Amino acid sequence: MSISANRVFLSYRRDDAAGYAGRLEEALERRLGHGSVFRDVLDIAPGEDFVAAIRDKLTGAHTVLVLIGPRWAGDDAPGQRRIDDPQDFVHLEVSMALQGGLQVMPVLLPGAQMPTQDSLPKALKPLALRNAIGLGDAHWAADIERLTQSIGVPPRRALWPWALGGVLLAAALGGAWFGLRSDPTQAASERLLGSWSAAVRYEWGDRQTERFEFKRHAGELTGTASFLGYPRAIENLRLEGPNLRFETHSDETMGDSTKTVTHGYAAELRGAPPDEVLAIRMQTTGAHGSRKPLEFEARRATPATPASR
């Protein structure tokens, strides 16, 4: 079976379930393997046919998880909601998955109710007949385990006991000669915990001391990053060795127009305690005007919090 046939496609609305989507992707990939989850068609390049792009990502997928939060339909009255628009990303993803005969599984987030057939546009009415599974913070680990089992994709193979014994023996022998090496991503995760601050000058002249808070919640690395002094929830966090990527969002109003703006951060953890720094590049997209990327350094504001066990 090809790798693509094992993939899980996450369908969600960014302003409804982005935080849960990022955490779910990381949790599933730990169990099903790296690259087994596709999450964000919002990375479709300008000028690309987004209908064809969605169809391409859905091709060969094993399961489509439809994350339904309180704002999944797009608010407003029936006929005016985003979910009623045939060109809406979520509408397209779910309708294509249903028409393609894929395993489509509604995932209810806190505060959400399963939509009825009467409340759904014609192409999505079959979704109301699919059995839903709940996902929330209170029982996150148990919910993830149930969800993984329901998906039915086999997890990464574990080593047989005799093979594991051989690996441990080889590691012990190698350690005797060369010393054991720790996982660089895990080490960086431990070093990130705590508070960081950075002096940032924005292109319009304002200066702000921005704070970055990293902590563990339900076994996942999460936190906040301030923008213009106001803390924003970190979403879509990825950590590979000393390199960190994440996003935050804010609303920008100009006249009668309000846009949800994405602040994308790419950071590298440099140096060693107590002189380590986070070298950060921030790119803002979706604003009323184009923004140049900002580069700055964040330094530790408080001692790191020991990891809980």
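This section describes the fold, sheets, turns and internal cavity of a predicted model.

The protein comprises 309 residues, of which 41% are buried. Its secondary structure consists of 6 helices and 14 strands. Among contacts with a separation of 6 or more, 59% are made by residues 24 or more positions apart in the sequence.

Five strands, 5 in number, form an open sheet in the order β2-β1-β3-β4-β5, with parallel pairing. At the edges of this sheet stand β2 (37-38) and β5 (133-134), each of which pairs on one side only. Within the sheet, β3 (residues 63-68) and β4 (residues 103-108) run parallel and are joined by 6 bridges. In this pair, threonine 63 stands opposite glutamine 103 of β4. Helix α1 packs on the parallel sheet through contacts with β1 (8-11), β2 and β3, and the direction of the helix makes about 145° with that of β3. Helix α3 (residues 89-99) also packs on this sheet, where it touches β1, β3 and β4; the angle between the directions of α3 and β1 is about 140°. On its other pairing, β4 is linked to β5 in the parallel sense over 2 bridges. Leucine 108 has glycine 134 of β5 as its bridge partner. Of the 6 residues of β4, 5 are buried, so this strand is largely enclosed by the rest of the structure.A further open sheet is built from 9 strands in the order β9-β8-β7-β6-β14-β13-β12-β11-β10, and its pairing is antiparallel. The edge positions are taken by β9 (230-233) and β10 (235-240); each has a single partner strand, so one side of each is left without a neighbour in the sheet. On average, neighbouring strands of this sheet are turned by 25° against each other when direction is ignored. Strand β6 (residues 194-201) pairs with β7 (residues 207-217) in the antiparallel sense over 8 bridges. Serine 195 has glutamate 213 of β7 as its bridge partner. Helix α1 (residues 14-32) packs on the antiparallel sheet, touching β7, β8 (220-227), β10, β11 (243-254) and β12 (257-270). The direction of α1 makes about 30° with that of β10. Helix α1 thus has contacts with strands of the parallel sheet, including β1, and with strands of the antiparallel sheet, including β7.

The strands β7, β8 and β9 are connected through two successive hairpins. Strands β7 and β8 run antiparallel and are joined by 6 bridges, with histidine 217 standing opposite glutamate 220 of β8. The hairpin of β7 and β8 has 2 residues between the strands, and alanine 218 takes a positive phi near 55° there. Alanine 218 lies in the loop between β7 and β8. With a relative accessibility of 43%, this alanine 218 counts as partly exposed. When residues up to four places away in sequence are not counted, alanine 218 touches Arg23 and Trp140. Aspartate 137 is 81 residues from alanine 218 in sequence, while their C-alpha atoms are 7.6 Å apart in space.

The hairpin formed by β8 and β9 likewise has 2 residues between the strands, and leucine 228 in the turn has a positive phi of about 55°. Strands β8 and β9 pair in the antiparallel sense over 4 bridges. The bridge partner of serine 226 is proline 231 in β9. Of the 8 residues of β8, 6 are buried, so β8 is largely enclosed by the rest of the structure.

The structure holds 1 cavity of 30 Å³ or more. The volume of the largest cavity is about 70 Å³. Its lining is formed by Tyr202, Glu203, Trp204, Phe227, Met282, Thr284, Arg291, Lys292 and Leu294. By class, the lining of the largest cavity has 5 nonpolar residues, 1 polar residue and 3 charged residues.

Key:
Residues are numbered from 1 along each chain as its sequence is written. This is a predicted model: local features need pLDDT of at least 70, side-chain atom pairs count only at pLDDT 80 or more; totals for chains, interfaces and linings use all residues. Side-chain values use heavy atoms; hydrogens and water are left out. On a 1 Å grid over the protein atoms alone, a cavity is a set of points where a 1.4 Å probe fits but cannot get out, and a pocket is an open set with protein on both sides within 12 Å along at least five of seven lines; lining residues have an atom within 4 Å of a point. Grid points are joined across faces, edges and corners, and a volume is the space filled by probe spheres set on the points. Ala, Val, Leu, Ile, Met, Phe, Trp, Tyr, Cys and Pro count as nonpolar, Asp, Glu, Lys and Arg as charged, and the others, Gly among them, as polar. Two strands pair if DSSP finds at least two bridges between them. Axes are lines fitted to C-alpha atoms, for helices over the stretch in contact, and angles run from 0 to 180 degrees between N-to-C directions. Contact means heavy atoms within 4.5 Å. Buried means under 20% relative accessible area, exposed over 50%, partly exposed in between (1.4 Å probe, protein chains only).
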